[in-house]
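Trainee: Could you take me through the salt bridges here, one pair at a time? I'd like a close look at who pairs with whom and how covered each partner is.

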Amino acid sequence: MKWLIGLVAACTAFSAPVFAEPLPFVLKQVGPGVYAAIDGPEHKAGSNAGFVIGDDGVLVVDAFFNLDSARALVGEIHRLTPKPIRYVVNTHYHADHTGGDQALRDAGAIIIAHNNVRGWVRTNNINLFGDRITPELKARIEALPLPDLTTDKDLTVWLGARKVVVRTVLGHTGGDLTIAVPDAKVLFTGDMLWRKIAPNLIDGSVKEWMATDAALAAMPDAAHTTYVPGHGDVADQSDVKDFNAYLRDLRRLVSDGRKSGLRDEALAQSVAPKLKALHPGWTISDRAAAAEVRYMDEELAGTKRRPVPVPD
Ligand SMILES: [Zn+2]
(Lines give C-alpha, C1' and ligand atoms only; values in the text may rest on other atoms or scores of the structure.)
Protein backbone atom coordinates (compact mmCIF):
# COMPACT_ATOMS: atom_id res chain seq x y z
CA MET A 1 0.00 0.00 0.00
CA LYS A 2 2.91 2.28 0.69
CA TRP A 3 3.71 2.72 -2.99
CA LEU A 4 0.07 3.66 -3.66
CA ILE A 5 0.05 6.32 -0.95
CA GLY A 6 3.35 7.62 -2.30
CA LEU A 7 1.96 7.74 -5.86
CA VAL A 8 -1.20 9.57 -4.77
CA ALA A 9 0.89 12.06 -2.81
CA ALA A 10 3.17 12.64 -5.80
CA CYS A 11 0.25 13.10 -8.19
CA THR A 12 -1.46 15.51 -5.83
CA ALA A 13 1.75 17.49 -5.44
CA PHE A 14 2.13 17.59 -9.23
CA SER A 15 -1.41 18.70 -10.04
CA ALA A 16 -1.92 21.19 -7.21
CA PRO A 17 0.63 24.01 -7.28
CA VAL A 18 2.05 24.71 -3.84
CA PHE A 19 1.95 28.47 -4.43
CA ALA A 20 -1.33 29.38 -6.15
CA GLU A 21 -1.25 32.72 -8.00
CA PRO A 22 -3.09 35.30 -5.91
CA LEU A 23 -6.11 36.85 -7.64
CA PRO A 24 -5.35 40.22 -9.27
CA PHE A 25 -8.59 41.56 -7.77
CA VAL A 26 -10.52 41.36 -4.51
CA LEU A 27 -13.97 39.84 -4.83
CA LYS A 28 -16.60 41.55 -2.66
CA GLN A 29 -20.22 40.48 -2.41
CA VAL A 30 -22.37 43.63 -2.60
CA GLY A 31 -25.81 42.02 -2.76
CA PRO A 32 -27.47 38.62 -3.16
CA GLY A 33 -25.59 37.08 -6.12
CA VAL A 34 -23.97 40.43 -6.94
CA TYR A 35 -20.19 40.81 -6.75
CA ALA A 36 -17.70 43.62 -7.22
CA ALA A 37 -14.21 42.64 -8.38
CA ILE A 38 -12.00 45.43 -7.09
CA ASP A 39 -8.55 45.90 -8.66
CA GLY A 40 -5.87 44.70 -6.23
CA PRO A 41 -3.23 46.87 -4.55
CA GLU A 42 -0.73 46.16 -7.35
CA HIS A 43 -3.27 47.30 -10.00
CA LYS A 44 -2.64 44.19 -12.11
CA ALA A 45 -6.30 44.02 -13.24
CA GLY A 46 -6.17 47.68 -14.36
CA SER A 47 -9.74 48.51 -13.30
CA ASN A 48 -12.74 47.13 -11.45
CA ALA A 49 -15.27 44.64 -12.81
CA GLY A 50 -18.17 42.69 -11.33
CA PHE A 51 -20.98 40.28 -12.06
CA VAL A 52 -24.63 39.48 -11.39
CA ILE A 53 -25.82 35.90 -10.95
CA GLY A 54 -29.44 35.63 -12.16
CA ASP A 55 -31.87 32.73 -12.32
CA ASP A 56 -30.56 31.29 -15.54
CA GLY A 57 -27.20 32.88 -16.15
CA VAL A 58 -24.58 35.46 -15.28
CA LEU A 59 -24.06 39.00 -16.54
CA VAL A 60 -20.53 40.37 -16.17
CA VAL A 61 -19.68 44.07 -15.99
CA ASP A 62 -16.38 44.92 -17.72
CA ALA A 63 -13.42 42.68 -18.46
CA PHE A 64 -10.31 44.27 -16.89
CA PHE A 65 -7.17 45.24 -18.84
CA ASN A 66 -5.78 41.80 -19.64
CA LEU A 67 -6.82 38.26 -20.45
CA ASP A 68 -5.21 36.75 -17.33
CA SER A 69 -7.34 38.89 -15.01
CA ALA A 70 -10.50 38.22 -17.03
CA ARG A 71 -9.79 34.46 -17.01
CA ALA A 72 -9.34 34.63 -13.24
CA LEU A 73 -12.75 36.35 -13.03
CA VAL A 74 -14.32 33.58 -15.14
CA GLY A 75 -12.73 31.06 -12.75
CA GLU A 76 -14.25 32.80 -9.73
CA ILE A 77 -17.69 32.88 -11.37
CA HIS A 78 -17.49 29.16 -12.17
CA ARG A 79 -16.43 28.52 -8.57
CA LEU A 80 -19.56 30.32 -7.28
CA THR A 81 -22.20 29.10 -9.74
CA PRO A 82 -22.72 26.44 -12.42
CA LYS A 83 -24.91 28.89 -14.39
CA PRO A 84 -23.60 29.99 -17.80
CA ILE A 85 -21.94 33.36 -18.38
CA ARG A 86 -24.34 34.95 -20.87
CA TYR A 87 -23.31 38.59 -21.19
CA VAL A 88 -20.49 41.01 -20.56
CA VAL A 89 -21.43 44.68 -20.60
CA ASN A 90 -18.57 47.08 -21.34
CA THR A 91 -19.15 50.36 -19.50
CA HIS A 92 -17.03 52.16 -22.17
CA TYR A 93 -14.34 51.47 -24.77
CA HIS A 94 -11.17 52.13 -22.71
CA ALA A 95 -8.81 49.14 -22.80
CA ASP A 96 -8.55 48.90 -19.01
CA HIS A 97 -12.22 47.78 -19.14
CA THR A 98 -12.35 45.93 -22.49
CA GLY A 99 -8.87 44.35 -22.66
CA GLY A 100 -10.07 40.98 -21.34
CA ASP A 101 -13.27 40.76 -23.43
CA GLN A 102 -12.02 37.76 -25.42
CA ALA A 103 -11.80 35.66 -22.24
CA LEU A 104 -15.48 36.42 -21.52
CA ARG A 105 -16.44 35.67 -25.12
CA ASP A 106 -14.53 32.37 -24.92
CA ALA A 107 -16.56 31.62 -21.80
CA GLY A 108 -19.79 32.08 -23.79
CA ALA A 109 -20.64 35.75 -23.24
CA ILE A 110 -22.27 38.12 -25.72
CA ILE A 111 -20.50 41.49 -25.57
CA ILE A 112 -22.89 44.42 -24.99
CA ALA A 113 -21.66 48.01 -25.35
CA HIS A 114 -22.65 51.51 -26.43
CA ASN A 115 -22.89 51.94 -30.23
CA ASN A 116 -19.76 54.08 -30.25
CA VAL A 117 -17.57 51.38 -28.70
CA ARG A 118 -17.46 49.40 -31.95
CA GLY A 119 -15.89 52.31 -33.76
CA TRP A 120 -13.45 53.25 -31.01
CA VAL A 121 -12.24 50.13 -29.23
CA ARG A 122 -9.55 49.15 -31.79
CA THR A 123 -8.46 52.66 -32.75
CA ASN A 124 -8.99 55.27 -30.04
CA ASN A 125 -7.44 52.96 -27.45
CA ILE A 126 -4.13 53.38 -29.30
CA ASN A 127 -4.33 57.19 -28.91
CA LEU A 128 -5.19 56.68 -25.26
CA PHE A 129 -1.72 55.32 -24.49
CA GLY A 130 0.10 58.07 -26.42
CA ASP A 131 3.88 57.63 -26.24
CA ARG A 132 3.51 54.76 -23.76
CA ILE A 133 2.17 52.39 -26.45
CA THR A 134 4.33 49.34 -27.23
CA PRO A 135 4.13 47.24 -30.43
CA GLU A 136 2.75 44.35 -28.35
CA LEU A 137 0.00 46.50 -26.82
CA LYS A 138 -0.86 48.06 -30.19
CA ALA A 139 -1.31 44.60 -31.73
CA ARG A 140 -3.43 43.51 -28.79
CA ILE A 141 -5.71 46.57 -29.09
CA GLU A 142 -6.11 46.10 -32.86
CA ALA A 143 -7.30 42.52 -32.21
CA LEU A 144 -9.81 43.35 -29.44
CA PRO A 145 -13.21 41.78 -30.09
CA LEU A 146 -15.94 44.12 -31.32
CA PRO A 147 -19.18 44.20 -29.31
CA ASP A 148 -21.97 41.92 -30.55
CA LEU A 149 -24.93 43.94 -29.32
CA THR A 150 -24.79 47.73 -29.25
CA THR A 151 -27.21 50.41 -28.14
CA ASP A 152 -27.57 54.14 -27.73
CA LYS A 153 -30.68 53.67 -25.61
CA ASP A 154 -31.40 52.18 -22.22
CA LEU A 155 -31.68 48.40 -22.24
CA THR A 156 -33.27 45.88 -19.88
CA VAL A 157 -31.53 42.52 -19.63
CA TRP A 158 -33.50 39.71 -18.00
CA LEU A 159 -31.62 36.93 -16.25
CA GLY A 160 -34.76 34.83 -15.78
CA ALA A 161 -36.83 36.90 -13.34
CA ARG A 162 -33.86 39.06 -12.36
CA LYS A 163 -33.85 42.49 -13.95
CA VAL A 164 -30.66 44.31 -14.91
CA VAL A 165 -30.99 47.83 -16.32
CA VAL A 166 -28.31 49.18 -18.65
CA ARG A 167 -28.44 52.96 -19.09
CA THR A 168 -26.62 55.34 -21.41
CA VAL A 169 -24.99 58.24 -19.58
CA LEU A 170 -22.93 61.26 -20.60
CA GLY A 171 -19.58 62.52 -19.40
CA HIS A 172 -16.62 60.15 -19.50
CA THR A 173 -16.14 59.15 -23.16
CA GLY A 174 -19.29 59.79 -25.20
CA GLY A 175 -20.16 56.09 -25.10
CA ASP A 176 -20.78 55.21 -21.47
CA LEU A 177 -23.17 52.79 -19.81
CA THR A 178 -24.12 52.17 -16.19
CA ILE A 179 -25.56 48.85 -15.01
CA ALA A 180 -28.17 48.75 -12.25
CA VAL A 181 -29.42 45.73 -10.31
CA PRO A 182 -32.59 47.19 -8.77
CA ASP A 183 -33.49 44.23 -6.51
CA ALA A 184 -30.06 44.46 -4.84
CA LYS A 185 -29.77 48.27 -4.92
CA VAL A 186 -26.41 48.05 -6.69
CA LEU A 187 -25.19 50.36 -9.45
CA PHE A 188 -22.07 49.61 -11.49
CA THR A 189 -21.01 53.08 -12.61
CA GLY A 190 -18.00 52.31 -14.81
CA ASP A 191 -15.73 55.35 -14.91
CA MET A 192 -18.55 57.78 -14.16
CA LEU A 193 -17.30 57.31 -10.59
CA TRP A 194 -13.74 57.04 -9.27
CA ARG A 195 -13.42 56.60 -5.52
CA LYS A 196 -10.63 58.75 -4.08
CA ILE A 197 -8.59 58.57 -7.30
CA ALA A 198 -8.07 61.35 -9.86
CA PRO A 199 -10.15 60.37 -12.92
CA ASN A 200 -8.94 60.13 -16.50
CA LEU A 201 -10.46 63.13 -18.29
CA ILE A 202 -8.87 62.50 -21.71
CA ASP A 203 -12.20 61.95 -23.51
CA GLY A 204 -14.46 63.59 -20.96
CA SER A 205 -16.73 66.57 -20.59
CA VAL A 206 -16.58 67.65 -16.95
CA LYS A 207 -19.79 69.61 -17.48
CA GLU A 208 -21.74 66.53 -18.61
CA TRP A 209 -19.95 64.32 -16.09
CA MET A 210 -20.98 66.50 -13.14
CA ALA A 211 -24.62 66.53 -14.29
CA THR A 212 -24.63 62.73 -14.56
CA ASP A 213 -23.03 62.24 -11.14
CA ALA A 214 -25.43 64.72 -9.54
CA ALA A 215 -28.25 62.56 -10.91
CA LEU A 216 -26.59 59.35 -9.68
CA ALA A 217 -26.27 60.81 -6.18
CA ALA A 218 -29.92 61.93 -6.22
CA MET A 219 -31.60 58.85 -7.72
CA PRO A 220 -34.33 57.07 -5.73
CA ASP A 221 -32.81 54.98 -2.93
CA ALA A 222 -29.39 56.61 -3.42
CA ALA A 223 -28.78 56.58 0.34
CA HIS A 224 -29.19 52.80 0.36
CA THR A 225 -27.42 52.09 -2.94
CA THR A 226 -24.04 50.42 -3.28
CA TYR A 227 -22.04 52.04 -6.08
CA VAL A 228 -19.30 49.99 -7.74
CA PRO A 229 -16.90 52.50 -9.30
CA GLY A 230 -14.59 51.95 -12.27
CA HIS A 231 -11.58 52.56 -10.06
CA GLY A 232 -11.21 52.55 -6.27
CA ASP A 233 -13.07 50.64 -3.60
CA VAL A 234 -16.82 49.93 -3.31
CA ALA A 235 -18.59 53.25 -2.75
CA ASP A 236 -21.73 54.84 -1.32
CA GLN A 237 -23.73 58.00 -1.96
CA SER A 238 -21.25 60.18 -0.05
CA ASP A 239 -18.45 58.99 -2.36
CA VAL A 240 -20.48 60.05 -5.41
CA LYS A 241 -20.94 63.51 -3.86
CA ASP A 242 -17.24 63.62 -2.94
CA PHE A 243 -16.27 62.76 -6.51
CA ASN A 244 -18.56 65.45 -7.88
CA ALA A 245 -17.00 67.93 -5.44
CA TYR A 246 -13.58 66.99 -6.83
CA LEU A 247 -14.75 67.79 -10.38
CA ARG A 248 -16.33 71.03 -9.18
CA ASP A 249 -13.12 72.06 -7.38
CA LEU A 250 -11.03 71.24 -10.45
CA ARG A 251 -13.27 73.36 -12.67
CA ARG A 252 -13.33 76.28 -10.22
CA LEU A 253 -9.56 76.27 -9.60
CA VAL A 254 -8.73 76.06 -13.31
CA SER A 255 -11.29 78.75 -14.12
CA ASP A 256 -9.87 81.08 -11.43
CA GLY A 257 -6.33 80.44 -12.64
CA ARG A 258 -7.30 81.24 -16.22
CA LYS A 259 -8.96 84.49 -15.09
CA SER A 260 -5.71 85.56 -13.43
CA GLY A 261 -3.87 84.95 -16.69
CA LEU A 262 -2.20 81.64 -15.83
CA ARG A 263 -1.67 79.18 -18.69
CA ASP A 264 -0.01 75.79 -19.30
CA GLU A 265 2.71 74.87 -16.81
CA ALA A 266 2.04 77.88 -14.55
CA LEU A 267 -1.66 76.97 -14.39
CA ALA A 268 -0.85 73.37 -13.42
CA GLN A 269 1.70 74.54 -10.82
CA SER A 270 -0.94 76.79 -9.26
CA VAL A 271 -3.90 74.38 -9.32
CA ALA A 272 -2.35 70.98 -8.44
CA PRO A 273 -1.34 71.72 -4.81
CA LYS A 274 -4.72 73.37 -4.09
CA LEU A 275 -6.60 70.43 -5.57
CA LYS A 276 -4.56 67.94 -3.52
CA ALA A 277 -5.06 69.99 -0.33
CA LEU A 278 -8.83 70.01 -0.85
CA HIS A 279 -8.90 66.21 -1.28
CA PRO A 280 -6.60 64.62 1.28
CA GLY A 281 -6.52 60.84 1.14
CA TRP A 282 -6.98 60.86 -2.63
CA THR A 283 -4.46 59.35 -5.03
CA ILE A 284 -3.50 62.23 -7.35
CA SER A 285 -0.11 61.71 -9.00
CA ASP A 286 1.75 64.72 -10.38
CA ARG A 287 1.28 63.32 -13.89
CA ALA A 288 -2.48 62.92 -13.29
CA ALA A 289 -2.83 66.40 -11.79
CA ALA A 290 -1.05 68.02 -14.75
CA ALA A 291 -3.31 66.11 -17.17
CA GLU A 292 -6.47 67.04 -15.24
CA VAL A 293 -5.58 70.72 -15.42
CA ARG A 294 -4.71 70.57 -19.12
CA TYR A 295 -7.97 68.83 -20.07
CA MET A 296 -10.07 71.14 -17.86
CA ASP A 297 -8.30 74.16 -19.37
CA GLU A 298 -9.09 72.87 -22.89
CA GLU A 299 -12.74 72.32 -21.99
CA LEU A 300 -13.09 75.84 -20.60
CA ALA A 301 -11.30 77.27 -23.66
CA GLY A 302 -13.64 75.33 -25.99
CA THR A 303 -10.72 73.46 -27.62
CA LYS A 304 -11.21 70.06 -25.96
CA ARG A 305 -11.14 67.19 -28.46
CA ARG A 306 -13.53 64.35 -27.75
CA PRO A 307 -14.00 61.05 -29.60
CA VAL A 308 -16.25 61.38 -32.64
CA PRO A 309 -18.81 58.64 -33.44
CA VAL A 310 -17.70 56.47 -36.36
CA PRO A 311 -20.37 55.47 -38.94
CA ASP A 312 -21.17 51.71 -38.95
ZN1 LIG B 1 -11.04 53.02 -16.39
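Mentor: Here's a walk through three of the pairs, with some background on the chain first.

A word on ground rules: this is a predicted model, where local features need pLDDT of at least 70, side-chain atom pairs count only at pLDDT 80 or more, and totals for chains, interfaces and linings use all residues. Residues are numbered from 1 along each chain as its sequence is written, and side-chain values use heavy atoms, with hydrogens and water left out.

The chain has 11 helices and 12 strands; these are DSSP runs numbered from the N terminus, helices being H or I of at least four residues and strands E of at least two. Of its 312 residues, 50% are buried, meaning under 20% relative accessible area, while exposed is over 50% and partly exposed lies in between (1.4 Å probe, protein chains only).

On to charge. The chain carries 35 positive and 38 negative charges, and their mean positions are 2 Å apart. Lys and Arg count as positive, Asp and Glu as negative, with His and the chain ends not counted; each charge is placed at NZ of Lys, CZ of Arg, CG of Asp or CD of Glu. Side chains of opposite charge can pair when their charged atoms come close. The structure holds 17 salt bridges, each a side-chain nitrogen of Lys or Arg within 4 Å of a carboxyl oxygen of Asp or Glu.

Start with D249 and R252, whose closest N and O atoms are 3.3 Å apart. Both sit in helix α9, and because they are 3 residues apart there, about one helical turn separates them. D249 is buried at 12% relative accessible area, whereas R252 is partly exposed at 39%.

Helix α9 also supplies a partner for the next pair: D242 meets K196 in a salt bridge, 3.9 Å from N to O. This one links distant parts of the chain, since D242 belongs to α9 (residues 237-259) and K196 to the loop between β11 (186-194) and α8 (206-218), 46 residues apart. Both ends are partly exposed, D242 with a relative accessible area of 23% and K196 with 30%.

Last, D152 bridges to K153, with 3.4 Å between the closest N and O atoms. Here D152 is partly exposed at 42%, and K153 counts as exposed at 56%.

So that's your set: a pair about one helical turn apart, a link between distant parts of the chain, and the D152 and K153 bridge.
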